[in-house]
Amino acid sequence: MTRALLGCIADDFTGATDLANNLVRAGMRVVQVMGVPTAPLDTEADAVVVALKSRTIPKDEAIAQSLAALRWLQAQGTQQIYFKYCSTFDSTSEGNIGPVTDALMKALGTDFTIATPAFPDNQRTVFKGYLFVGDVLLNESGMQNHPLTPMADPNLVRVLQAQTESRVGLIDHAVVAQGEAAIRARIGQLKAEGVRMAVVDAVSNADLLRLGPALKGMPLVTAGSGVAIGLPGNFGIAPGDEAARLPAPQGLQAVVSGSCSVATNRQVMEFIQSGRPALAIDPLRIAAGVDVAAEALAWADAHLAAGPVLVYSTAEPSAVRAVQGQLGAGQAGAMVEETIAAIARGLVQRGVRQLIVAGGETSGACVQALGIAQMRIGAQIDPGVPWCHALAADAPEGLHITLKSGNFGSADFFTKAFATLQP
């Protein structure tokens with residue numbers, strides 16, 4: 001049986017590839033699996049990331065799925081568990097970050113863990129326990145308008161404390177700046193005070209690299225993807241190019257986007273302004289019973305041969321709220337995800353072998369529709385977003401796919417990604 005060193009549980013599909021990307025950059029060979037496998041790992045890997053779609057489901061379901069992932073990872077011989085959530089820490093007052101962390105701690109028999117979504121490469125920093133996105137606090141970044149998990153409080157100690165009965169503390173920047181010994185001493189102090197979870201400040205990669213050695217031997221780490229850059233060294237692994245090597249690209253190119261984040265709105269606009277073909281999906285027409293997926297695929301048939309196409313439901317917050325007001329937030333989101341997933345599968349059936357999917361929930365729906373069970377993680381396109389290679393039901397020879405978190409990527413991400421993939 002193949003044994004992995006680091007076992008990771010991610011609460012959505014784009015977050016899983018975000019984490020895997022940072023581990024690959026740090027030299028680890030990474031396999032990402034979709035959902036909890038039913039068979040042992042059969043591929044050589046230093047780290048395995050189990051991608052769940054558990055961020056916004058009822059907390060009891062999120063806990064059950066996360067514990068099932070933990071049991072499978074333990075059976076693969078992993079030495080440390082990493083629970084990965086979004087770099088915007090988005091969740092509700094009920095969870096799911098706190099409840100899942102509590103359940104994993106209990107299952108692992110550990111009385112302490114850390115929590116930090118810091119990812120400086122993507123302008124996510126934590127200072128004095130407050131989360132910043134670029135130069136503004138989280139609640140001023142656009143995340144206050146998130147359709148499912150609006151974030152009104154940037155203080156992560158308060159946010160996490162509302163989700164758990166465990167006492168939450170802080171390891172602030174002054175401690176992190178002093179390095180491993182100071183961090184370990186602060187952990188000891190917090191544990192003596194009855195603290196079980198500690199938010200950790202980090203404003204640079206240097207902070208994350210100082211934090212990494214202090215986490216060696218900690219049964220459970222909870223974080224965004226940034227902390228991953230400091231962990232491979234604990235296993236004697238150094239950065240190298242070989243971990244990111246994928247097969248040569250082939251086939252047609254397409255983008256499907258369901259995210260309504262500020263970053264993805266910019267990317268959609270950039271693609272359209274470049275003169276490339278793009279088609280908007282109208283949720284109200286889906287609700288009216290129109291076969292929007294069939295229409296979109298018929299439209300794509302006329303454009304695919306000439307280069308990449310974009311099919312999107314991405315919209316500004318006011319437009320999203322208007323649709324939700326008519327259909328309900330849950331129903332609107334589910335209908336759009338199902339439609340875009342059907343379009344993604346139809347595109348692959350038409351020969352698309354280089355596919356970009358934008359949005360966490362959208363990525364989960366598309367991966368499931370495509371029948372992808374696992375992916376090999378390749379080179380980074382932008383911070384947090386790598387190309388991957390996977391076998392799919394309609395692409396048994398394999399396809400390249402990237403699952404982009406809504407908030408990630410430069411304005412020209414869609415076109416840059418395809419250029420990055422070319423030899």
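## Two domains and an enclosed cavity

In an unreviewed entry, UniProt lists residues 6–229 as "domain: Four-carbon acid sugar kinase N-terminal". The structure described here is a predicted model. Across residues 6–229, helix accounts for 33% of the chain and strand for 22%. The C-alpha atoms at the two ends of this stretch are 13 Å apart.

**Domain arrangement**

The protein chain is divided into two domains, with domain 1 covering 6–240 and domain 2 covering 246–421. Their relation to each other is summarised below.

| Property of domain 1 and domain 2 | Value |
|---|---|
| Separation of C-alpha centres | 27 Å |
| Residues in contact | 32 of domain 1 with 33 of domain 2 |
| Area buried between them | about 2500 Å² |

The size of an interface is often expressed as the accessible area lost when the parts come together. Of the roughly stated total, about 2500 Å², 56% is on carbon and sulfur atoms. Which three residues supply more of the area that domain 1 buries against domain 2 than any other three? They are Thr14, Met34 and Lys53, and they supply 23% of that area.

**The cavity**

A search of the whole structure finds 1 cavity of 30 Å³ or more. The largest cavity holds about 50 Å³ of space. Its lining is formed by Asp11, Ser54, Arg55, Ala62, Phe83, Asp90, Ser91, Asn96, Ile97 and Val100. By class, 4 of the lining residues are nonpolar, 3 are polar and 3 are charged.

**The loop between β4 and α3**

One of the residues lining the largest cavity, Asn96, is placed in the loop between β4 (80–84) and α3 (97–108). A cis peptide bond joins Asn96 to Gly95, with omega at about 20°. Phe89 also has its place in the loop between β4 and α3. Although Phe89 is not a glycine, its phi is positive, at about 55°.

Key: Residues are numbered from 1 along each chain as its sequence is written. This is a predicted model: local features need pLDDT of at least 70, side-chain atom pairs count only at pLDDT 80 or more; totals for chains, interfaces and linings use all residues. Side-chain values use heavy atoms; hydrogens and water are left out. UniProt positions are given in the numbering used here, feature names are shortened, and annotations may be inferred rather than shown by experiment. Helices (H or I, at least four residues) and strands (E, at least two) are DSSP runs, numbered from the N terminus. On a 1 Å grid over the protein atoms alone, a cavity is a set of points where a 1.4 Å probe fits but cannot get out, and a pocket is an open set with protein on both sides within 12 Å along at least five of seven lines; lining residues have an atom within 4 Å of a point. Grid points are joined across faces, edges and corners, and a volume is the space filled by probe spheres set on the points. Ala, Val, Leu, Ile, Met, Phe, Trp, Tyr, Cys and Pro count as nonpolar, Asp, Glu, Lys and Arg as charged, and the others, Gly among them, as polar. Domain bounds come from an automatic or database domain assignment. Contact means heavy atoms within 4.5 Å. Buried area is the accessible area (1.4 Å probe) that two parts lose on being put together, summed over both.
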